[in-house]
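Reader: I'd like to go through this one with you and ask how each label was earned. Can you put it up?

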Amino acid sequence: MTVTAWAPGRVNLVGDHTDYTGGLALPLAIGLGVEVRGDRGSDWVMLGSSAMEGVAELPLVVSDVGAVEPAWARYVAGVVAELGPDDGLSGTIDSTLPLGRGLSSSAALEVAVALALGASVANPLALAQLCQRAEHRATGVPSGIMDQLTVLAAVEDSLLRLDCRSLSVTPLALPAGVEVVVADSGTERTLVGSAYGERVAECARVEAELGPLRDATPQDAERVADPVLRRRARHVTTENARVDAVVAALGSGDLRHAGALMVASHASLRDDYEVSTPALDALVQELRGTPGVYGSRLTGAGFGGCVVALCDASAALDVPVVWRGRPTGPATLRRHT
Ligand code: GLA
């Protein structure tokens with residue numbers, strides 16, 4: 001049997017560095033993604049890639065995911081280890097998604113591999129959690145659930161309000177006449193070796209003092225004794241509030257206010273969470289000054305990669321646009337015989 005699995009990348013409109021403390025986010029799937037095409041049946045997984053060197057060549061039982069070479073094959077190995085497929089897959093990986101730009105190319109790869117290996121999509125949350133565990137095994141980075149859940153639970157034309165504590169997904173229609181823009185700052189990033197793990201640890205220290213950040217208010221954050229941890233807490237508490245403020249603004253068609261909240265989110269990620277870069281700041285600034293753009297901010301983990309903007313469908317943009325459009329649907333699988 002030949003299978004073709006496709007999984008989209010994602011971009012987050014607002015609500016970053018909130019998922020790993022059970023907070024809120026507002027991502028969407030984009031029209032760029034990863035395709036895995038191959039034949040099922042052997043007892044090996046053998047996947048070549050059009051974008052990356054080397055081949056992922058694995059037995060169906062993988063014990064040490066972190067030791068697999070080449071490094072990108074660890075994402076495949078993590079999925080194989082977590083899924084325990086009955087039979088193998090031999091084929092190729094193609095991607096229209098730029099790699100290492102903060103658009104969840106790793107989550108898209110994990111999900112596409114899982115679907116091609118026969119994973120069930122009957123329970124998108126369970127599969128998202130399986131792929132999140134695969135990512136942890138592949139990278140050692142304690143990333144949250146936003147990326148994999150977005151790839152699997154995406155709804156065409158809608159943003160997804162993710163509650164990362166209850167793990168519920170609430171679609172919110174994107175107002176008509178509006179588009180989401182992803183623009184590239186030109187700097188590659190990887191969470192391995194970034195301060196991502198440090199931020200997760202800092203949030204754990206804040207929670208030891210304040211209790212769950214999801215239950216804390218911005219006023220509570222001001223009580224944190226350590227000045228660095230106080231700023232981290234300020235970001236998370238205000239960011240959770242901004243997600244619901246953006247949901248309300250979009251619900252009432254107030255695009256200007258939604259855009260202003262995105263700009264406030266960028267400032268918070270830059271000043272309080274310290275995950276921006278000069279290139280991201282400059283691109284956000286340029287987009288903010290463009291007619292027809294409602295708001296712009298860094299998106300995803302930061303430390304480089306892309307920015308997101310919300311704009312009028314007629315806006316003319318003079319920035320390196322990677323993708324522009326309306327939210328797409330979730331990952332899919334096709335079987336051919
Ligand atoms: C990365 C992680 C996500 C999330 C974002 C920041 O994309 O994989 O889980 O934490 O960073 O919001």
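Author: Sure. Domain bounds here come from an automatic or database domain assignment. This is a predicted model, where local features need pLDDT of at least 70, side-chain atom pairs count only at pLDDT 80 or more, and totals for chains, interfaces and linings use all residues. Residues are numbered from 1 along each chain as its sequence is written, and side-chain values use heavy atoms, with hydrogens and water left out.

Reader: Which domains does the lining of the largest pocket draw on?

Author: Domain 1 (2-172) and domain 2 (173-325), with at least three residues from each.

Reader: What makes a space a pocket, and what makes a residue part of its lining?

Author: On a 1 Å grid over the protein atoms alone, a pocket is an open set of points with protein on both sides within 12 Å along at least five of seven lines, whereas a cavity is a set where a 1.4 Å probe fits but cannot get out; a lining residue has an atom within 4 Å of a point. The largest pocket has 43 such residues, with Tyr 75, Gly 100, Ser 105, Ser 106 and Arg 189 among those lining it and nearest its centre.

Reader: How do you know that Asp 16 makes a polar contact with the ligand?

Author: A polar contact is a pair of N or O atoms within 3.5 Å; within protein, one must be able to donate a hydrogen and the other to accept it, and residues adjacent in sequence count only if both atoms are side-chain atoms. A polar side-chain atom of Asp 16 sits 2.5 Å from a ligand oxygen, so the pair qualifies. Ligand oxygens also lie 2.6 Å from a side-chain N or O atom of Tyr 196 and 2.9 Å from a polar backbone atom of Gly 144.

Reader: What is unusual about the backbone at Leu 167?

Author: Most residues other than glycine have a negative phi, and most peptide bonds are trans. Leu 167 has a positive phi, near 60 degrees. Glu 69 and Pro 70 are joined by a cis peptide bond, with omega about -5 degrees.
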